[in-house]
Amino acid sequence: MTFGEQPAYLRVASDLRRKIVSGSLPPHTRLPSQARIREEYGVSDTVALEARKVLMAEGLVEGRSGSGTYVRERPVPRRIARSGYRTATGASPFRQEQAAEGTRGTWESSSEQVDASAVIAARLGISAGERVMRTRYVFRDAGEAMMLSTSWEPLAITGRTPVMLPEEGPLGGCGVVERMGAIDVVVDNVAEEVGARPGLAEELLALGGVPGHVVMVIQRTYYASGRAVETADVVVPADRYRIAYHLPVR
């Protein structure tokens, strides 16, 4: 093989991908059988199988038990807006941002007190094992799960206050900035890091994805005078959504 030449299975996968993207293999069409791929491309059964595995890992095709492998419907990506953290609105950033996009988002949540893991403790600047309030969310757009979020808040800050439970009490459902302000904690900075990885099984089950799908992960932390007051992991299916940032120029 000469320098820069692709392995045979990648060349086959690339040609099949081109046909899927161009529409010559439209959604719900059965992918050519392993024998057909072998004959058409002049490759071995192993190469044909590996090419099919590549397309499955990319989410372009799906196997149907006892039937074969079929081209998947390709969703048109929708936007999730990240447009800043406005105060005094009486709404969470999720509600603010989706309202700005003209959609009606809803969510479900559950909260529980847990010991901070070493990773979360490092993000919050506390000792491992300190108690935090962990809240898990499933965000929906028109009933479809679009985003997952898990947040952690140090109980050393919110414990025994009216905002200890993010979704209950007088400020239930409001954003972190407003909730913290109610207990005289002034949030003055927020940091976000965006990455991508294969979705975990439980994430893909909740989001309606298939094994191998990639998710975007936003790691977000709110700060008040340099002290972390909340950190969260926001998980978004990469094949269905794009994250759009609207950042003011100062």
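## The hairpin of S1 and S2

In this predicted model, strand S1, made of residues 61-64, pairs in the antiparallel sense with strand S2, made of residues 68-71, and the pairing runs over four bridges. Within this pair, glycine 63 stands opposite threonine 69 in S2. The hairpin that S1 and S2 form has three residues between the strands, and glycine 66 takes a positive phi near 75° there.

## The six-stranded sheet

Strands of a sheet pair through backbone hydrogen bonds, and the pairing can be either parallel or antiparallel. An open sheet of six strands, with antiparallel pairing, is found in this model, and the order of its strands is S4-S5-S6-S9-S8-S7. Strand S4 (105-115) and strand S7 (189-198) stand at the edges of the sheet, and because each has a single partner strand, one side of each is left without a neighbour in the sheet. On average, and with direction ignored, neighbouring strands of this sheet are turned by 15° against each other.

The partner of the edge strand S4 can be followed in more detail, since S4 and strand S5, which covers residues 131-141, pair in the antiparallel sense over eleven bridges. Across this pairing, glutamate 112 stands opposite arginine 134 in S5.

## Packing of the helices H1, H2 and H3

Two packed helices are described by the angle between their axes and by the distance between the axes. Helix H2, residues 34-41, and helix H3, residues 45-57, pack at an angle of about 115°, and their axes are 9 Å apart. H2 and H3 are therefore roughly perpendicular to each other, and H2 passes H3 in a right-handed crossing.

Helix H3 also meets helix H1, which consists of residues 8-22: the axes of H1 and H3 come within 8 Å and cross at roughly 50°. That angle makes H1 oblique to H3, and the crossing in which H1 passes H3 is right-handed.

## The largest pocket

The largest pocket has a volume of about 340 Å³. Its lining is made of 15 residues, and those that lie nearest the centre of the pocket are Arg136, Leu148, Thr150, Glu203 and Val235. Strands of the six-stranded sheet take part in this lining, for the elements that give two or more residues to the lining of the largest pocket are S5, strand S6 (144-154), helix H8 (201-207) and strand S9 (227-237). When the lining of the largest pocket is divided by class, seven residues are nonpolar, two are polar and six are charged.

## The second largest pocket

The second largest pocket has a volume of about 280 Å³. This pocket is lined by 15 residues, of which Glu58, Gly59, His213, Ala238 and Asp239 lie nearest its centre. By class, the lining of the second largest pocket divides into six nonpolar, three polar and six charged residues.

Definitions and conventions: Residues numbered from 1 in each chain as written. Predicted model: local features only at pLDDT ≥ 70, side-chain atom pairs only at ≥ 80, totals over all residues. Heavy atoms only, no water. Pairing = 2+ DSSP bridges. Axes fitted to C-alpha atoms, helices over the stretch in contact; angles between N-to-C directions. 1 Å grid on protein atoms, 1.4 Å probe; cavity = no way out; pocket = protein on both sides within 12 Å on 5 of 7 lines; lining within 4 Å. Points joined across faces, edges and corners; volume = space filled by probe spheres on them. Nonpolar A, V, L, I, M, F, W, Y, C, P; charged D, E, K, R; others polar. Parallel < 35°, antiparallel > 145°, perpendicular 65-115°, else oblique. Left-handed = near helix turned anticlockwise from the far one by under 90°.
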